[in-house]
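I sat down with this one to look up sheets, helix packing and cysteines. My notes are below, in the order I went through them.

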Amino acid sequence: MGNPGEQARDRTQSRIILSANLTRVNEAAKRSRQTRFTALLHHVDVAALERAYRRLRRQAAPGVDGVTVDSYGQDLEGNLRDLADRVHNGRYRPLPVRRTYIPKADGGQRPLGILALEDKIVQGAVAEVLSAIYEADFLDCSFGFRPGRSAHQALRVVREAITTEPVNWVLDADIRRYFDSVDHDWLLRMLAHRIADPRVLRLIGQWLRAGILESGVYADTVEGTPQGAGISPLLANIFLHYVLDLWVEQWKRRHATGQVRLVRYADDYLLLFQRRQDAETMTAALAERLAKFGLHLHEDKTRLIEFGRFAEENRRRKGRARPEVFDFLGFTHYCGKTRDGRFLHCQKTQRKRMIRKLKELRQEMRRRMHQRLRDQHRWLAAVLRGHYAYFGIPGNSTCLGRFRLQVMKAWRRVLLRRSQRPKLSWERFNAILKVFPIPIGHVHDWRHQMV
């Protein structure tokens with residue numbers, strides 16, 4: 001029965017512990033997908049705002065207000081109470097989003113939105129409430145930006161599907177500038193299927209229309225959700241849930257003649273087909289479906305390739321080269337074989353990702369060149385552990401070893417430049433590595449992980 005006075009807690013589909021009030025919301029959402037929630041804003045209380053504040057990164061860049069996490073926390077209780085009052089009284093107004101850019105793997109720049117601190121807090125609290133509802137609706141094919149789900153699970157599903165299911169064709173699709181192309185009207189209409197609280201819908205509408213401040217110049221936002229906003233990943237998932245996930249399930253039941261499977265991580269997704277006819281028909285239908293909601297497939301990044309257990313044999317019989325490869329979630333996927341000649345779906349670090357990461361590391365090493373060896377090693381070890389944590393999947397140990405070797409060489413070159421007499425033999429460098437060893441990458445064991 002539990003201890004007296006103990007707070008009731010439960011888990012969503014993704015096995016994340018919820019507070020007692022959000023547990024009831026989640027249970028109501030599970031009971032019926034037709035339920036519309038008319039009163040939700042009271043869940044955005046001081047406790048919810050404090051949880052959202054605790055989740056913020058302490059080193060996060062400030063928005064247009066210039067307020068940092070630490071300065072806001074000096075009078076946290078008073079600030080959160082005032083913020084909660086303004087949210088419930090309708091006096092809260094979001095500030096414009098500060099626009100900055102980060103480099104992309106293809107050489108371009110990805111726009112990133114940096115919100116004001118209070119906007120981050122309120123968005124985090126509202127996203128917590130909406131997640132309790134939509135975790136009951138989201139399908140198992142969706143993995144991106146969901147609690148308890150990860151890119152590794154998506155990669156494992158792709159590997160198991162191609163290895164054990166009749167997959168012969170892969171549609172490697174990409175939506176052009178997805179986060180910048182989300183239609184606000186369609187998004188609010190989709191939210192209205194579940195959310196009937198006008199105050200919550202008003203808040204979301206205000207965030208979508210808050211505007212962008214770039215180099216001191218203000219610009220209205222008529223479409224899209226800023227990447228970097230706390231609620232943007234959830235809104236993007238809701239949008240694609242209605243536009244893509246549910247539509248693919250319906251299309252399979254009505255038109256497919258063979259097996260069709262969708263694996264999606266945010267706006268990156270793969271469609272796996274048993275038969276080429278289904279793949280070609282769905283590709284044409286998918287372009288029309290996305291265009292209806294203002295989205296478009298990226299022509300250069302969307303392609304249908306023959307891939308799977310029988311692809312190499314089929315292509316050899318037709319006099320063609322070995323099966324093509326495709327990139328998904330930072331990994332290059334290709335057809336391989338085990339030692340006894342059986343098919344093996346292989347995944348290795350995407351070459352562009354590795355080159356870009358090494359370039360960033362070399363630049364940062366030069367910036368830290370004159371720091372103490374102990375400090376350089378502490379930072380470098382942390383970076384490598386983070387790299388291994390993501391790219392350390394089964395079959396990728398060779399790429400982990402190559403990455404580690406290149407990092408060691410880059411560190412030696414940096415240490416050589418610290419003196420006007422560049423003399424650092426490998427023997428002396430190896431002696432340094434005995435004192436400050438470079439972490440060795442290990443692959444994860446997927447055998448006991450749940451998907």
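What follows are my entries, starting with the ground rules.

**Ground rules.** I'm working on a predicted model, where local features need pLDDT of at least 70, side-chain atom pairs count only at pLDDT 80 or more, and totals for chains, interfaces and linings use all residues. Residues are numbered from 1 along each chain as its sequence is written, and side-chain values use heavy atoms, with hydrogens and water left out.

**Entry 1, the three-stranded sheet.** I looked up an open sheet of three strands in the order β11-β12-β13, with antiparallel pairing. Its edge strands are β11 (326-328) and β13, each pairing on one side only. Neighbouring strands in this sheet are turned by 40° against each other on average, direction ignored. For my own reference, strands (E, at least two residues) and helices (H or I, at least four) are DSSP runs numbered from the N terminus, and two strands pair if DSSP finds at least two bridges between them. Axes are lines fitted to C-alpha atoms, for helices over the stretch in contact, and angles run from 0 to 180 degrees between N-to-C directions.

I then went through the bridges. β11 and β12 are joined by three, and Asp327 has Thr332 in β12 as its bridge partner. β12 (residues 331-337) and β13 share seven bridges, one pair being Phe331 with Thr349 in β13. These two strands form a hairpin with five residues between them, and Gly341 in the turn has a positive phi of about 90°.

Why do I call β13 (residues 343-349) largely enclosed by the rest of the structure? Because five of its seven residues are buried, where buried means under 20% relative accessible area, exposed over 50%, and partly exposed in between (1.4 Å probe, protein chains only).

**Entry 2, the four-stranded sheet.** Here the order is β8-β9-β5-β10, again an open sheet with antiparallel pairing. β8 (260-265) and β10 (303-306) have a single partner strand each, so one side of each lacks a neighbour in the sheet. The average turn between neighbouring strands is 20°, direction ignored. I found six bridges between β8 and β9 (residues 268-273), with Arg264 partnered by Tyr269 in β9.

Two helices lie across this sheet's strands. α6 (residues 151-164) covers β5 (169-174), β8 and β9, running at about 160° to β8. α10 (residues 276-292) lies across β5, β8, β9 and β10, at about 145° to β9.

**Entry 3, helices.** I checked α1 (residues 20-31) for length: at 1.5 Å a residue its 12 residues should span 16 Å, and the end C-alpha atoms are 17 Å apart, which agrees. The expected span is 1.5 Å times one less than the number of residues. Buried residues in α1 include Leu22, Val25 and Ala29.

Next, α7 (residues 184-191) packs on α9 (residues 232-255) at about 80°, with the axes 10 Å apart. That makes α7 roughly perpendicular to α9 (under 35 degrees is roughly parallel, over 145 roughly antiparallel, 65 to 115 roughly perpendicular, the rest oblique). Trp186, Leu187, Met190 and Leu191 in α7 meet Leu235, Ile238, Phe239, Tyr242 and Val243 in α9, contact being heavy atoms within 4.5 Å.

**Entry 4, cysteines.** How many disulfides does a search of the whole structure find? Zero, with a disulfide taken as a pair of cysteine sulfur atoms within 2.5 Å. The sulfur of Cys399 is 11 Å from the closest cysteine sulfur, in Cys346, which is too far for a bond. Cys399 is buried at 9% relative accessible area, and Cys141 is buried with a value of 9%.
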